[in-house]
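Thank you all for coming. Today I would like to walk you slowly through one structure, beginning with its charged side chains and ending with a pocket.

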Amino acid sequence: RLGERESGTVRLEEAVSAYRAALEEWTRERVPLQWATTQNNLGNALLRLCARESGTARLEEAVAAYRAALEELTRERVPLDWAATQNNLGTALRRLGERESGAERLEEAVAAFRAALEEWTRERVPLQWAMSFGNLGVAMLALADRKGDGALARQALMQIETALETLEAGGHEAFAAFYRAQIPAARALVEKLGGGG
């Protein structure tokens, strides 16, 4: 958390080291759920670190950490934690897809967000649903841009707007601000690709 509030990467690097150290004792064999939760936290630290760096190495490590976590944080065992980790995985894959050419990582991100929405339903956890629904929209927007798909861009815009409305209604301004910032680019892409009809 300290690393999120500071501009450098030193604290985030320390967080990554601390999680890796914890994994030396919290092994999958010994304490599988703590191991998985630590893998998820490691992924989160790597994801924040990669936001301040170029390249894809940290993103690849984050994706690997989230995928490892999902080996124990299964849908059957802990459905809401599984959904949260799927959402985190989707975010890492989307960022990776934005830095790479091609559509494969963006398609994987879309699949991860859709998986998260199987448990993070609007009725069950409306604010988490809104976050993942909006994240799906952002990933779909990047995919629409990559593929030149106007209909997909229009659907992405609708999802981002819906997420924004739900988060504003729920009083989550910090999250709402992220989706609000996505709307101009989404509208511009819809216009560019002719998906406004």
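Let me begin with Glu 118, which is partly exposed, since its relative accessible area is 43%. Please keep in mind, as we go, that what you see is a predicted model.

What does the side chain of Glu 118 meet in a salt bridge? The partner is Arg 75, and the distance from N to O is 2.5 Å. This pair links distant parts of the chain, for Arg 75 sits in the loop between helix 4 (57–72) and helix 5 (79–99), whereas Glu 118 belongs to helix 6 (residues 104–119), 43 residues apart. Arg 75 has a relative accessibility of 29%, and because the partly exposed class lies between 20% and 50%, Arg 75 counts as partly exposed.

Arg 75 also meets the side chain of Glu 119 in a salt bridge, here with 2.7 Å from N to O. Since Arg 75 is in the loop between helix 4 and helix 5 while Glu 119 is in helix 6, this pair ties together parts that are 44 residues apart in sequence. Is Glu 119 buried or exposed? Its relative accessibility is 12%, and because buried means under 20%, Glu 119 counts as buried.

Elsewhere, salt bridges that share partners join Arg 28, Glu 71, Glu 72 and Arg 77 into one network. If we search the whole structure, we find 22 salt bridges, and one of them is formed by the side chains of Glu 4 and Arg 1, with 2.9 Å from N to O. In that pair, Glu 4 counts as partly exposed at 35% relative accessibility, while Arg 1, at 70%, counts as exposed.

Glu 4 brings us to the last topic, the largest pocket, which has a volume of about 860 Å³. The pocket is lined by 28 residues, and those closest to its centre are Glu 4, Asn 44, Leu 47, Arg 48 and Asn 88. Several elements give two or more residues to this lining, namely helix 1 (2–5), helix 2 (10–25), helix 3 (32–50), helix 5, helix 7 (126–147) and helix 9 (173–193). Which element provides the largest share of the lining? That is helix 5, with six residues. As for the kinds of residue, the lining of the largest pocket divides into 15 nonpolar, seven polar and six charged.

Methods. Residues are numbered from 1 along each chain as its sequence is written. This is a predicted model: local features need pLDDT of at least 70, side-chain atom pairs count only at pLDDT 80 or more; totals for chains, interfaces and linings use all residues. Side-chain values use heavy atoms; hydrogens and water are left out. A salt bridge is a side-chain nitrogen of Lys or Arg within 4 Å of a carboxyl oxygen of Asp or Glu. Buried means under 20% relative accessible area, exposed over 50%, partly exposed in between (1.4 Å probe, protein chains only). Helices (H or I, at least four residues) and strands (E, at least two) are DSSP runs, numbered from the N terminus. On a 1 Å grid over the protein atoms alone, a cavity is a set of points where a 1.4 Å probe fits but cannot get out, and a pocket is an open set with protein on both sides within 12 Å along at least five of seven lines; lining residues have an atom within 4 Å of a point. Grid points are joined across faces, edges and corners, and a volume is the space filled by probe spheres set on the points. Ala, Val, Leu, Ile, Met, Phe, Trp, Tyr, Cys and Pro count as nonpolar, Asp, Glu, Lys and Arg as charged, and the others, Gly among them, as polar.
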